[in-house]
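Reader: I should like to learn how the features of a model such as this are to be read. Where would you begin?

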Amino acid sequence: MDAALLEAPLGELCAEARRLRERGKGTLVTYSPKVFIPLTKLCRDVCHYCTFARPPRRGQRAYLTELEVLEIARTGAAAGCHEALFTLGDKPELRYRAAREELRALGCDTTLEYLARLAGLVLGETGLLPHLNPGVLTRADLRALRAVSVSQGLMLEGIAPRLAERGGPHFGSPDKQPARRLETIEAAGREGVPFTTGILIGIGETRAERLEALQRIRELGERHGHVQEVIVQNFRAKPGTRMAGHPEPSQEELLWTVAAARVLLGPDWNIQAPPNLSYERFGELLDAGINDWGGVSPVTIDHVNPEAPWPELELLRRETEAHGLELAPRLAIYPEYLAEPERWVDPAVLPLVLRRADATGLGRDDAWAAGSAGRVPAETSRTGVATPAIAAVLAKVRDEVELEEDDVEALFRARGPGVVAVLAAADTLRREVCGDEVTYVVTRNINYTNVCYFRCGFCAFSKGKLAENLRGPAYLVPVREVVRRCAEAWERGAVEVCLQGGIHPAFTGDYYVEVCEAVKREVPGLHVHAFSALEVWQGAATLGVPLDEYLARLRAAGLASLPGTAAEILDDEVRRVLCPDKVSTGQWLQVHETAHAEGLRSTSTIMFGHVERPRSWARHLLALRELQRRTGGFTEFVPLPFVHMEAPIYLKGLARPGPTFREALLMHAVARLALHPWITNVQASWVKLGVEGAQAALRAGCNDLGGTLMNESISRAAGAAHGQEMPPEGMEAAIRAIGRTPRQRTTLYGTSPGERHGRSFGAPAVTEPLNPRVSDARLKAPPRLIRPGLVHA
């Protein structure tokens, strides 16, 4: 054992621990919002410091019932918890007849069998993620419990066998032999179980023995990669136990051990110490290098330490932020492990984990979902100081230094006061660049077909062999109906028609040209904003002509600009999962660069909140910025939060339920900061965010509210509850409600002509659209379909 570590002064040790934590964990400190479920307090062990375990009592059940467990879990779920912590005595049926008889009545042979049943019940009925602490286990036990949990745990406690000898705290407790507990920890690694372990200090061990125990944990963790957190827990004497008079370790001794654990284990390990066992001095644990507070429950007590209530969450947050750190909720599985789900998570459990995860793999911090009709979370007005990392990036913005990929990702990961600072910086920049004017455009969306042969996992709109069970029949709008809708939109004051749809297998590039020509013949003054990069690429490929030649033909036919859809996430690692046969990142950028060279402007978008991470968001923004630097052709940036409700990839359990509201606001704000000064218009989608959410985005760096739409099919097919049209009256009321000035614009951000503006107010209702079944069109698919993403791969 390193003598220098044993003899290190507390101040020096803590300083080194903080330095290592910052290197490995930055400023993030986590906690797990949980419910504590004491499935049984019977235990075959008799630890001399424990008040959790007790012998059977006449007239009392040995185990909680299914209803009792579900009541606890449902209360926790309603309170925003993510974790269901099952703590119980070790194999009580080996010691007590009452346990054996009750298990038999429950239809189980063992406590572990009943635990597996209850964990599965909680998982399925409430969505809480079980973390299981049932004691010493075999590989078969661990394997069985892995199917109904996201993590398991067993405290090593100590490494000294003498503590189990007569007179020691573990005498009479066969499961507290260090060798047996080390075997369980190793077996967990072999079974791919994310695992929690740790040490208990102050029960008679020496400092050297603590370090030896931590060293053994480190060896096992490095061998299998499964030890997701290490707990340093201090002994607290409890009345009525054999160790009631045993001296407790001092706070300084606890801090020394925590800091030594950080130094010994290194910067990348997750180190936890329970805040409730340090009482009012719990903040000092941050000075010793912890990066996690452990489970904190808003609804249940700490049944192992009932005399020590958890600190209120707001107090925990204030103390964390007072140390210049950020507090965030996590899941019972750490982000590092969720990043490799095929290795660490049972496939049946993974969908339930993803439902509770945010883009970083931490716990979602609100219940908002894009497209939902619910209220948006209250905007925070908390004060505080952003972390040095966030402050440094925002200083670069103020100094007009272009942000790099790491800078942008750091802003996306902001928490607490950091979020407030990022949103404020974005809004300040918006005011400097755009003033207090908010623009919107009177437009009509026409989705001319929902038939598509591409396999985008997020799309609930397209109909094909893989989407037969989704909303509504397959349709194809005749060109004459497209023209009729455009004429009607013109009469209602529109300046733009937005044309997009699925890629029908019978479409060629001639179809898109025909549509443009037909619209311009009937409504020559209407701006045709049409066709995603995928439609353009497919159209050119079916005709066998270069992109520039095809785009020039479209422009001659009346195309005036391109929507930035089909971008999704401009990171091919993500696209291989999300839309493998769609245009690649390079192909999407090529279409828009070519369009800009041909004199066509375009918008840019991102569709986020599904399978990607903040690093991909940063890459996406910088790819757009670099293209805009070369061409200047993008008119705006439009964040599109993933609407998950009917999306196939979500229904299959392979995606998150869209971004959190914090993530949605940060996307708009960070875009304002990262794209400056190249893209100056940032739009809030009222269809995805709702009016209230869009207003919040307008206070976070946005200056545009998008289009009135008249019809919208794609978001509603995915489950969005927001309406298909927001007329100018509604647009302007929403804008004025936040103290801003509305301006009706053209597609290219000029001011809408007075005649158009006047017609748009008090417009009559639209005629019911005609969407004939696709079979009526009698189209025939070619023998070979164009799949640019697969060609690129």
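**Cysteines, fold and surface**

Author: Let us begin with the cysteines of this predicted model. The structure contains zero disulfides.

Reader: Why is Cys 47 not bonded to the closest cysteine sulfur?

Author: A disulfide requires two cysteine sulfur atoms within 2.5 Å. The closest cysteine sulfur to that of Cys 47 belongs to Cys 50 and is 6.1 Å away, so the pair is too far apart for a bond. Cys 47 is also buried, its relative accessible area being 14%. For Cys 434, the closest cysteine sulfur is in Cys 702; the separation of 9.9 Å is again too far for a bond.

Reader: How many helices and strands are there in the protein?

Author: The protein has 31 helices and 18 strands. Its radius of gyration is 30 Å, close to the 28 Å given by the globule rule for 793 residues, and therefore the protein is as compact as a globular protein of that length. Along the principal axes, the C-alpha atoms fill a box of roughly 100 × 60 × 45 Å.

Reader: What share of the contacts with a separation of 6 or more joins residues 24 or more positions apart?

Author: That share is 79%. As for burial, 62% of the 793 residues are buried.

Reader: What is the accessible surface of the protein, and how much of it belongs to carbon and sulfur atoms?

Author: The accessible surface is about 29700 Å², and carbon and sulfur atoms hold 51% of it.

Reader: How far apart do the centres of the positive and negative side chains lie?

Author: The centres of the two sets, 94 positive and 98 negative side chains, are 4 Å apart.

Note on methods: Residues are numbered from 1 along each chain as its sequence is written. This is a predicted model: local features need pLDDT of at least 70, side-chain atom pairs count only at pLDDT 80 or more; totals for chains, interfaces and linings use all residues. Side-chain values use heavy atoms; hydrogens and water are left out. Buried means under 20% relative accessible area, exposed over 50%, partly exposed in between (1.4 Å probe, protein chains only). Helices (H or I, at least four residues) and strands (E, at least two) are DSSP runs, numbered from the N terminus. The radius of gyration is taken over C-alpha atoms; the globule rule is 2.2 Å times the number of residues to the power 0.38. Contact means heavy atoms within 4.5 Å. Accessible areas come from the Shrake-Rupley method with a 1.4 Å probe; for residues, only the protein chains shown count as cover. Lys and Arg count as positive and Asp and Glu as negative; His and the chain ends are not counted. The place of a charge is taken as NZ of Lys, CZ of Arg, CG of Asp or CD of Glu.
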